[in-house]
Amino acid sequence: MPSERPERTGSAGSREQTVTRREVLGTLAAVGSLSVAGCSSIPGLGGRRPVWRRDIDGAFMAGPPAVTDELVLAGMQDKALYGLRREDGSTTLRFETGGPIETRPVAPPSGGPYHVHSTDGDLYAVDAAGEELWRDEGTARRARLVRTGSLVAELDFAGSENTLTGYDPQTGDRRFERAVSSYFLDGVTDDSFVVPVPAGGSESRVVSLSPADGSVRWRTEPRRWYSNVAADVRLAAAARDGTLTAYELSDGSVRWHVPIGDVGRTMVLGSQTYLTRDREDGRQELLAFDRETGERLWANPTGYQIRAVEATDDAVFVGSRVDDPDGGILGRVDCFGLDGTRRWRTVTGLPSLDSLGVTDSRVVAGWDRGFEVLSRESGQTRWSYEPDSHSRLSLRVEPSSVFVSYVGDGAVARFPLD
């Protein structure tokens, strides 16, 4: 199965060694070497067993999981969508499609319907009893889904152009279909859909669409390619031509714009606006801007390649890669306060870092074949996990649990975060 999310950062270029042997040994010593039977732990780190693991007979491969208040939803290579109870992993529904399911399903917190895209090219809506509500026949083998309270949208990025289609979640009626200049859906709220759309040649414009019918609420003038677009309930932002611009979500009027030079392709809206940028020394840094004025507040270096940024009300967490002095790569996590103060930095035992999940008490750093759980307060490693089979993993981090799809094993599991 292909990975769900393609690379979001560019080449690292020349790199500065950013981790020392002392840092690595200090991290491992703080954790100890507790081993748990049945788990393959990352060298030097304690492992942990799942609360439950469900292997799907005949599935062989699994897609990324989605989680509701009661269920874990995952598509399988046996062409079926499974709904498993969060508490014990028992099956409550199985719905068969026309092809293997490789992308993450979407669902409201409770009650359904559940939506899933199959490699047969079709989008399916399934009710809580596992019965088909509607089906839209298409041709896209690869697509990405997003769900709001009143809309389910499919981004087809396998054709000659990226096509965004909006549907009524209950009836399947098509509300709109539009070409977009993005592989990601980072501008979605319950009340608006902010996306870059092509405007001819290398130019594009930012457009706000109504979830109800796809009508254009506002649009910007055409400019060169928009590398970053993000939105939340209060603000839309775009990075273009060396400028960061913030727009009022209601009418698209410019709140502020500031010069930023060349930046990376990761932008996150939290208590502040965050952007990644390459440094001359080969490392990357995180820039923070005031949401109301656009004032640049601070810039802090991380590893040589930023892979994930997770913002909370009082902090921002950055996952990056650094060089292991013994060769290879290690994952690193930095925590910064809103004033730019580095609260902690942890060089993990992970041989890479691809994702971050943050809860009230934990930070979950993941890579393709394992994950490590850190204290949110101190960054100290609590435990780690790597499967015996070395299967690729896809994670969904919830307040008290990590739900894991074993991509190469056709299995799903739940781990406690305590």
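Over which ring does the charged end of Arg-53 sit? In this predicted model, the charged end of Arg-53 is placed over the ring of Tyr-406, at 4.1 Å from the centre of that ring. Tyr-406 also belongs to a cluster of aromatic residues linked through ring pairs, together with Phe-371, Trp-383, Tyr-385 and Phe-415.

Within this cluster, Phe-371 and Phe-415 were both found to be buried, Phe-371 with a relative accessible area of 0% and Phe-415 likewise with 0%. Phe-371 and Phe-415 pair in an edge-to-face arrangement, with 5.4 Å from centre to centre and 85 degrees between the planes. Distant parts of the chain are linked by this pair, as Phe-371 lies in strand 31 (residues 370–375) and Phe-415 in strand 35 (residues 411–416), 44 residues apart.

The overall architecture of the chain comprises 35 strands and one helix. Of its 418 residues, 57% are classed as buried. The accessible surface amounts to about 17,200 Å², and carbon and sulfur atoms contribute 43% of that area. Among contacts with a separation of 6 or more, 41% involve residues 24 or more positions apart.

Aromatic pairs number 13 in the model. One of them joins Trp-134 and Tyr-167, whose ring centres are 5.5 Å apart; the pair counts as stacked because the planes meet at 25 degrees, under the 30 degrees that limit this class. Trp-134 is located in strand 8 (residues 132–136) and Tyr-167 in strand 11 (residues 162–167), so the pair ties together parts of the chain 33 residues apart in sequence. Trp-134 is buried at a relative accessible area of 7%, and Tyr-167 is buried at 1%.

Tyr-167 is also among the residues touched by Arg-175, a residue of strand 12 (residues 174–180). Arg-175 has a relative accessibility of 21% and therefore counts as partly exposed, the limit for a buried residue being under 20%. Beyond four places in sequence, the contacts of Arg-175 include Gly-166, Asp-168 and Pro-169, as well as Ser-150 and Leu-151. A further group of contacts consists of Pro-211, Ala-212, Asp-213 and Gly-214. The C-alpha atoms of Arg-175 and Val-152 are separated by 9.9 Å, with these positions 23 residues apart along the chain.

Pro-211, one of the partners of Arg-175, occupies the loop between strand 14 (203–209) and strand 15 (216–219). Pro-211 is classed as buried because its relative accessibility is 5%. Ser-150 and Leu-151 are in contact with Pro-211, and both residues also touch Arg-175. Other contacts of Pro-211 beyond four places in sequence include Phe-176, Asp-190, Asp-191, Ser-192 and Arg-217. Between the C-alpha atoms of Pro-211 and Ala-153, which are 58 residues apart along the chain, the separation is 9.2 Å.

A second loop residue, Thr-348, is positioned between strand 28 (342–347) and strand 29 (355–358). With a relative accessibility of 2%, Thr-348 is buried. The side chain of Thr-348 reaches the backbone nitrogen of Leu-350 at 3.1 Å. When neighbours within four places in sequence are set aside, Thr-348 is in contact with Leu-330, Gly-331, Val-333 and Glu-372.

Key:
Residues numbered from 1 in each chain as written. Predicted model: local features only at pLDDT ≥ 70, side-chain atom pairs only at ≥ 80, totals over all residues. Heavy atoms only, no water. Helix = DSSP H or I, 4+ residues; strand = E, 2+ residues; numbered from the N terminus. Buried < 20%, exposed > 50% of the residue type's maximum accessible area, 1.4 Å probe, protein only. Contact = heavy atoms within 4.5 Å. Areas by Shrake-Rupley, 256 points an atom, 1.4 Å probe, with all protein chains shown as cover. Polar contact = N/O pair within 3.5 Å; in protein donor to acceptor, adjacent residues only side chain to side chain. Phe/Tyr/Trp six-rings, centres within 6.5 Å; stacked < 30°, edge-to-face > 60°. Lys NZ or Arg CZ within 6 Å of the ring centre and 35° of its normal.
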